[in-house]
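Good morning, and thank you for the opportunity to speak. I would ask everyone to look first at the sequence and the structure, and then to follow one helix with me.

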Amino acid sequence: MHGCRCCLIWCVLAVSSMAHAAPAPLRLCASNQGDYPWVLVDRPGLNQLLIERASARSGIPVQFHFMRWGHCLLRLSDGRMDGAFNSSFISERQTFARFPMRDGKPDGERRLMRSGYHLFQRKSGTAQWDGHTLKVSGPVGVPSGSFAITRRLREVGLTQVDQSR
């Protein structure tokens with residue numbers, strides 16, 4: 001009888017501890033190349049700090065994983081990651097990811113940050129931009145893994161985009 005009582009107490013404790021177990025951590029990925037000040041490779045950037053604050057307030061732990069951006073998106077699409085941050089909205093990504101939306105458009109009020117793209121040329125350069133079309137002679141270099149930038153450059157007429165390191 002004593003053995004059954006111990007077993008019953010153990011079962012109650014096990015079930016009780018499962019009911020109060022901490023939630024599984026959210027696995028979040030981002031590019032390992034950094035994007036100052038949002039994502040830093042040597043210490044937490046502003047996005048990590050904001051996410052950690054939300055984690056502490058909600059009681060839902062997070063794990064950050066930094067990798068090549070293409071791998072991050074692949075792991076998000078196949079379920080090995082729960083989310084990605086420091087990402088641009090591209091409609092095709094909605095097949096495997098959810099973005100904060102309002103009226104069918106990305107909701108800017110719920111984004112972590114706002115970032116822009118800048119194009120630089122030499123003083124002697126001949127690139128032209130009319131607000132819609134980019135005219136450049138020769139390739140334009142962009143950071144490796146910059147899918148949104150590459151896509152946008154192609155949308156405005158650029159055909160030679162170099163993503164090599």
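Before we begin, one definition is needed: a residue is called buried when its relative accessible area is under 20%, and exposed when that area is over 50%. Please keep in mind also that this is a predicted model.

Let me start with the chain as a whole. It has four helices and nine strands. Read along the sequence, these elements follow the pattern α-β-α-β-α-β-β-β-β-β-β-α-β. Of the 165 residues, 22% count as buried. Among the contacts with a separation of 6 or more, 48% are made by residues 24 or more positions apart.

I turn now to helix H2. This helix covers residues 46–58, which is 13 residues. From its first C-alpha to its last it reaches 18 Å, close to the 18 Å expected at 1.5 Å a residue.

Which residues of H2 are buried? They are Asn47, Gln48, Ile51 and Ser55. Viewed down the axis of H2, these buried residues fall within an arc of 95 degrees, so they line one face of the helix. A general point about helices is useful here. An α-helix has 3.6 residues a turn, so residues three or four places apart point the same way.

What does the buried side of H2 pack against? Its buried residues pack against strand S1, residues 26–31, and strand S2, residues 62–67. The face turned away from the buried side carries the exposed residues Arg53, Ala56 and Arg57. Just after the helix, Gly59 takes a positive phi of about 80 degrees.

Let us consider one residue of H2 in detail, namely Asn47. Asn47 counts as buried because its relative accessibility is 0%, and the cut-off for that class is under 20%. Leaving aside residues up to four places away in sequence, Asn47 touches Trp38, Val39, Phe85, Asn86, Leu112 and Met113.

Finally, I come to a pocket. The second largest pocket has a volume of about 200 Å³. Its lining includes Leu119, Phe120, Gln121 and Arg122, and also Gly125, Thr126 and Ala127. Further along the sequence, Val136, Ser137, Pro139 and Val140 belong to the lining as well. How many residues of each class line this pocket? There are six nonpolar, four polar and one charged.

To close, I return to H2: its buried residues line one face, while Arg53, Ala56 and Arg57 are exposed on the face turned away. Thank you for your attention.

Definitions and conventions. Residues numbered from 1 in each chain as written. Predicted model: local features only at pLDDT ≥ 70, side-chain atom pairs only at ≥ 80, totals over all residues. Heavy atoms only, no water. Helix = DSSP H or I, 4+ residues; strand = E, 2+ residues; numbered from the N terminus. Expected span 1.5 Å × (residues − 1). Buried < 20%, exposed > 50% of the residue type's maximum accessible area, 1.4 Å probe, protein only. Arc of directions from axis to C-beta. Contact = heavy atoms within 4.5 Å. 1 Å grid on protein atoms, 1.4 Å probe; cavity = no way out; pocket = protein on both sides within 12 Å on 5 of 7 lines; lining within 4 Å. Points joined across faces, edges and corners; volume = space filled by probe spheres on them. Nonpolar A, V, L, I, M, F, W, Y, C, P; charged D, E, K, R; others polar.
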